[in-house]
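Here is a quick walk through a small set of features worth finding on your screen. Keep the viewer open and follow along.

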Amino acid sequence: MSDHSTTAPHLVRHNPGLPGGFGWMITQRLASHVSVDIQPDGKTITAVLALP
């Protein structure tokens with residue numbers, strides 16, 4: 001996944017009154033390897049998932 005933001009992903013404390021906030025936590029739990037490559041024009045996140 002790539003986007004134009006140069007902000008690294010981070011865990012967010014879940015607020016029950018607001019939707020979302022689970023993506024990075026789920027990615028970290030399911031992936032066997034995660035890398036974040038930040039460049040001046042954005043970032044690319046690569047996640048490796050094991051096949052069952």
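## Where two strands face each other

Gln39 sits across from Gly42 in S3. This is a predicted model, so take what follows as a reading of a prediction. The stretch around that pair is a hairpin, with two residues linking S2 to S3. S2 covers residues 33–39, and its antiparallel pairing with S3 runs over seven bridges. Another rung on this ladder is Ile38, whose bridge partner in S3 is Lys43.

## The whole sheet

What is the strand order in the open sheet? Reading across, you get S1-S3-S2, three strands with antiparallel pairing. That leaves S1 and S2 as the edge strands, each pairing on one side only.

On the S1 side, S3 is held by two bridges, and again the two strands run antiparallel. If you want a residue to click on there, try Ser2, which has Thr44 as its bridge partner in S3.

## Lys43, buried but busy

Now zoom in on Lys43, which belongs to strand S3, residues 42–48. Is Lys43 buried or exposed? Its relative accessible area is 8%, and the cut-off for buried is under 20%, so Lys43 counts as buried.

What does the side chain of Lys43 reach? One target is the backbone oxygen of Thr7, at 2.9 Å. Skipping neighbours within four places in sequence, the contacts of Lys43 include Met1, Ser2, Asp3, Ser5, Thr7 and Pro9, and also Val36, Asp37 and Ile38.

## The salt bridge

How many salt bridges does the structure hold? There is one, and it joins the side chains of Lys43 and Asp3, with 3.1 Å from N to O. Because Lys43 lies in strand S3 and Asp3 in strand S1, the pair ties together parts that are 40 residues apart in sequence. As general background, side chains of opposite charge can pair when their charged atoms come close.

The two partners are covered to differing extents: Lys43 is buried at 8% relative accessible area, whereas Asp3 is partly exposed at 28%.

## Thr7, out in the loop

Back to Thr7, whose backbone oxygen is reached by the Lys43 side chain. You'll find Thr7 in the loop between strand S1 (2–3) and H1. Its relative accessibility is 49%, and exposed would need over 50%, so Thr7 is classed as partly exposed.

Follow the chain from Thr7 to Ile26 and you cover 19 residues; the C-alpha atoms of the two are separated by 19 Å.

## A greasy patch on the surface

Ile26 has its place in helix H1, which spans residues 23–30. At 44% relative accessibility, Ile26 is partly exposed.

Which residues make the nonpolar surface patch? Ile26 is one of them, and the others are Phe22, Leu30 and Leu49; together they make a patch of about 400 Å².

## Quick recap

For a last look, start at Lys43: this S3 residue has Ile38 as its bridge partner, and its side chain meets that of Asp3 in a salt bridge. Then turn to Ile26 in H1 to see the nonpolar patch of which Ile26 is a part.

Definitions and conventions:
Residues are numbered from 1 along each chain as its sequence is written. This is a predicted model: local features need pLDDT of at least 70, side-chain atom pairs count only at pLDDT 80 or more; totals for chains, interfaces and linings use all residues. Side-chain values use heavy atoms; hydrogens and water are left out. Helices (H or I, at least four residues) and strands (E, at least two) are DSSP runs, numbered from the N terminus. Buried means under 20% relative accessible area, exposed over 50%, partly exposed in between (1.4 Å probe, protein chains only). A polar contact is a pair of N or O atoms within 3.5 Å; within protein, one must be able to donate a hydrogen and the other to accept it, and residues adjacent in sequence count only if both atoms are side-chain atoms. Contact means heavy atoms within 4.5 Å. Patches are made of residues with over 30% relative accessible area and no salt bridge: like charges are joined within 9 Å, nonpolar side chains (Val, Leu, Ile, Met, Phe, Trp, Tyr) within 5 Å. Accessible areas come from the Shrake-Rupley method with a 1.4 Å probe; for residues, only the protein chains shown count as cover. A salt bridge is a side-chain nitrogen of Lys or Arg within 4 Å of a carboxyl oxygen of Asp or Glu. Two strands pair if DSSP finds at least two bridges between them.
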